[in-house]
Amino acid sequence: MTMRSLPTKTDEENSSALFSAFSVSPHSPELVGRLQMATDYVHTPVLLEQVLALFSRVRDGVVIDATLGGGGHASALLAERDGIRILGIDRDPAARIAATALLSAFGDRVHIVAGTFGELESVTANSQTFIDGAPIVGVLMDLGVSSPQLDVAERGFSFRTDAPLDMRMDPTSGPTAAEVLATIDAHELTRLLHRHGEGRFAGAIARRLVTVRPTTTGELVAAVSDAVPAPARRRGNVATRVFQALRVVVNDEENQLDLGLRAALAVTAPEGVVTVISYHSGEDRAVKVFFNDTAWGGCTCPREVDCTCGRRGHIRVYKPGAVLATASEVAENPRARSARLRAAFKVAS
Ligand SMILES: C[S@@+](CC[C@H](N)C(=O)[O-])C[C@H]1O[C@@H](n2cnc3c(N)ncnc32)[C@H](O)[C@@H]1O
């Protein structure tokens with residue numbers, strides 16, 4: 001994929017320039033080709049068939065795509081279901097521009113909002129004109145970063161190219177990874193690295209990072225490399241986990257997931273579905289625990305006997321285990337390898 005600099009115009013200015021390029025089906029190769037030229041935003045939606053199968057079970061209404069990205073899942077859903085409209089949320093301006101272009105063919109069936117899924121309830125409250133009294137029949141959260149976020153070196157998510165250490169999904173708000181690393185102490189950094197991915201060498205890496213205070217991805221890679229023994233360095237996974245941990249911290253991802261899951265269930269109508277795709281074990285565990293706890297509703301009665309405490313769950317978990325990508329999907333899209341899908345249906349009250 002070619003690199004491109006971040007947009008300097010507003011979303012609206014960029015997207016209106018892009019709109020004129022499209023007068024063809026949103027799935028045609030011609031459109032995809034034009035999109036690649038227009039935005040360089042290419043992201044293959046993961047577990048698409050499984051997502052479509054889940055949303056085929058819900059009635060007509062509004063689906064909230066809380067991680068709209070380039071609109072891959074959303075466009076397939078809109079094409080599949082005439083009775084569905086999409087309220088799309090993303091915190092990344094580049095994603096919103098790409099999604100605006102791709103989804104323009106669906107006209108007023110789409111409404112795109114800048115924000116985080118932690119703010120999902122207020123976004124929903126502020127989008128009542130679009131929702132227009134329709135039920136919210138589902139929420140999709142396809143977590144983590146998109147391919148373009150990883151591939152555009154200037155965004156600082158990847159250790160493959162040297163670039164400023166940014167890592168913000170919304171490059172207009174909050175401290176960059178370099179700014180976080182400029183002030184954090186070794187104790188707190190050890191705790192965060194440990195919590196979000198890198199267990200074994202967290203202490204040594206944290207001590208090195210607060211000595212070096214890296215400001216570029218290259219300096220970060222070098223500091224991590226200096227801190228770990230040669231055999232671990234050769235396996236190459238430590239840098240991946242350190243980058244992941246810093247990304248989670250910079251984007252407040254743990255807190256966002258907790259807020260987003262609660263809000264998703266709160267806004268979803270009875271019989272609607274909340275679907276979450278996660279890409280690392282910490283995220284998947286959080287989703288599993290949240291769904292299981294909510295399904296039991298705080299009931300502590302022994303599971304072998306009828307409930308007598310009166311506490312009721314609000315959801316029915318789709319499957320006890322996570323849904324994984326098939327071998328053929330992973331062969332076509334290596335990003336799908338770590339994907340874990342979980343879903344829960346809101347129980348009619
Ligand atoms: C894996 S991509 C989604 C791709 C999308 N499903 C598609 O098919 O194109 C994840 C997207 O979620 C966005 N994102 C991650 N965390 C977010 C949050 N807390 N609030 C809003 N958007 C978020 C990222 O900016 C990124 O664009």
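**View 1. Glu271 in the loop between α15 and β5 of the predicted model.** In this predicted model, Glu271 sits in the loop that lies between helix α15 (253–267) and strand β5 (273–278). Its phi is near 75°, a positive value in a residue other than glycine. With a relative accessibility of 51%, Glu271 counts as exposed.

**View 2. Leu47 in the loop between α2 and α3.** Leu47 is found in the loop between α2 (29–39) and α3 (48–55), and although Leu47 is not a glycine, its phi is positive, at about 50°. The relative accessibility of Leu47 is 0%, so this residue counts as buried.

**View 3. Strand β2 and its parallel partners β1 and β3.** Strand β2, which spans residues 84–90, is mostly covered, with 6 of its 7 residues buried. Strand β1 (residues 61–65) runs parallel to β2 and is joined to it by 5 bridges, and among these pairings Gly61 has Ile84 of β2 as its bridge partner. Strand β2 also pairs in the parallel sense with strand β3 (residues 110–114), again over 5 bridges, and here the bridge partner of Leu87 is His111 in β3. The chain passes from β2 through helix α5 (residues 93–103) to β3, and this β-α-β crossover is right-handed. A right-handed β-α-β unit is likewise made by β1, helix α4 (residues 72–80) and β2.

**View 4. The second largest pocket and the residues that line it.** The second largest pocket holds about 870 Å³ of space, and its lining comprises 24 residues, of which Val145, Leu150, Thr240, Arg247 and Arg335 lie nearest the centre of the pocket. Helices α8 (147–151), α14 (237–250) and α16 (281–296) are the elements that give two or more residues to this lining, and α14 gives the most, with 4 residues. Sorted by class, the lining of the second largest pocket contains 8 nonpolar, 9 polar and 7 charged residues.

**View 5. The second largest cavity, lined in part by α16 and β7.** Across the whole structure, a search finds 2 cavities of 30 Å³ or more, and the second largest of the cavities has a volume of about 40 Å³. Its lining is made up of Lys288, Phe291, Asn292, Val317, Lys319, Pro320, Arg342 and Ala343. The elements that give two or more residues to this lining are α16 and β7 (340–346), with α16 giving the most, at 3 residues. By class, the residues that line the second largest cavity divide into 4 nonpolar, 1 polar and 3 charged.

**View 6. Cysteines Cys301 and Cys307, neither of them in a disulfide.** A disulfide is counted where two cysteine sulfur atoms lie within 2.5 Å, and by this rule the model has 0 disulfides. Cys301 is in no disulfide, and the nearest cysteine sulfur, which belongs to Cys299, is 3.8 Å away; that distance lies outside the cut-off of 2.5 Å, so the two sulfur atoms do not count as a disulfide. Cys301 is buried, with a relative accessible area of 13%. Cys307 is also in no disulfide, and the nearest cysteine sulfur to it, that of Cys309, is 3.8 Å away. Cys307 is partly exposed, its relative accessible area being 30%.

Terms used: Residues numbered from 1 in each chain as written. Predicted model: local features only at pLDDT ≥ 70, side-chain atom pairs only at ≥ 80, totals over all residues. Heavy atoms only, no water. Buried < 20%, exposed > 50% of the residue type's maximum accessible area, 1.4 Å probe, protein only. Pairing = 2+ DSSP bridges. Right-handed = clockwise from strand over helix to strand, strands pointing away. 1 Å grid on protein atoms, 1.4 Å probe; cavity = no way out; pocket = protein on both sides within 12 Å on 5 of 7 lines; lining within 4 Å. Points joined across faces, edges and corners; volume = space filled by probe spheres on them. Nonpolar A, V, L, I, M, F, W, Y, C, P; charged D, E, K, R; others polar.
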